[in-house]
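This briefing concerns a single protein chain. Its fold, burial and model confidence are taken in turn below.

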Amino acid sequence: PLSTLPHWKREAAAWTKFKTVVYHGSATSRHMIRNYEMCHHDGGGIGIDATTPLGGKGKAGDFKVDLVITTYEVLIKDAALLQPIAWTALVVDEAHRLKNK
């Protein structure tokens, strides 16, 4: 449920030093998160550079986060945008829902 997202972020802050973002909301909100909270940009709104690993060092397209928290539904909606990213790891709550995907 949506109510667990802030709890996951709080637990990440308590147990790790990861830079964390909650990736959720409307299509417009998620676009803003991808382009401004997940990635560094040059002011022109450069989006995700899928070849750059998370934790980038600050040039346009590099990632600023180590951990992205989202829901199954958003993951499926934005699969085409998120799939090309060179993720180091993926942890999915309710992973049984991915079984047939």
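Among contacts in the protein between residues at least 6 apart in sequence, what percentage join residues at least 24 apart? The figure is 48%. The model is a predicted one, and its secondary structure amounts to 4 helices and 2 strands.

**Fold and surface**
- From the start of the sequence to its end, the elements follow the pattern α-β-α-β-α-α.
- The protein has 101 residues, of which 28% count as buried.
- About 6,600 Å² of the protein is exposed, and carbon and sulfur atoms supply 59% of that area.

**Helix α2 and its surroundings**
- Helix α2 spans residues 27-37, and its buried residues are Arg30, Ile33, Arg34 and Asn35.
- In an α-helix there are 3.6 residues a turn, so residues three or four places apart point the same way.
- The packing partners of the buried residues of α2 are β1 (20-22), α3 (72-77) and α4 (79-82).

**Confidence**
- Mean pLDDT for the protein is 76, with 73% of its residues at 70 or more.
- Confidence is highest in helix α1 (residues 4-15), at 91, and lowest in α4, at a mean of 85.
- Over residues 49-56, pLDDT stays under 50.
- For residues 49-56 the model nevertheless has 20 contacts beyond four places in sequence.
- Where pLDDT is low, the predicted coordinates should not be read in detail.

Methods
Residues numbered from 1 in each chain as written. Predicted model: local features only at pLDDT ≥ 70, side-chain atom pairs only at ≥ 80, totals over all residues. Heavy atoms only, no water. Buried < 20%, exposed > 50% of the residue type's maximum accessible area, 1.4 Å probe, protein only. Contact = heavy atoms within 4.5 Å. Areas by Shrake-Rupley, 256 points an atom, 1.4 Å probe, with all protein chains shown as cover. pLDDT = per-residue confidence, 0-100.
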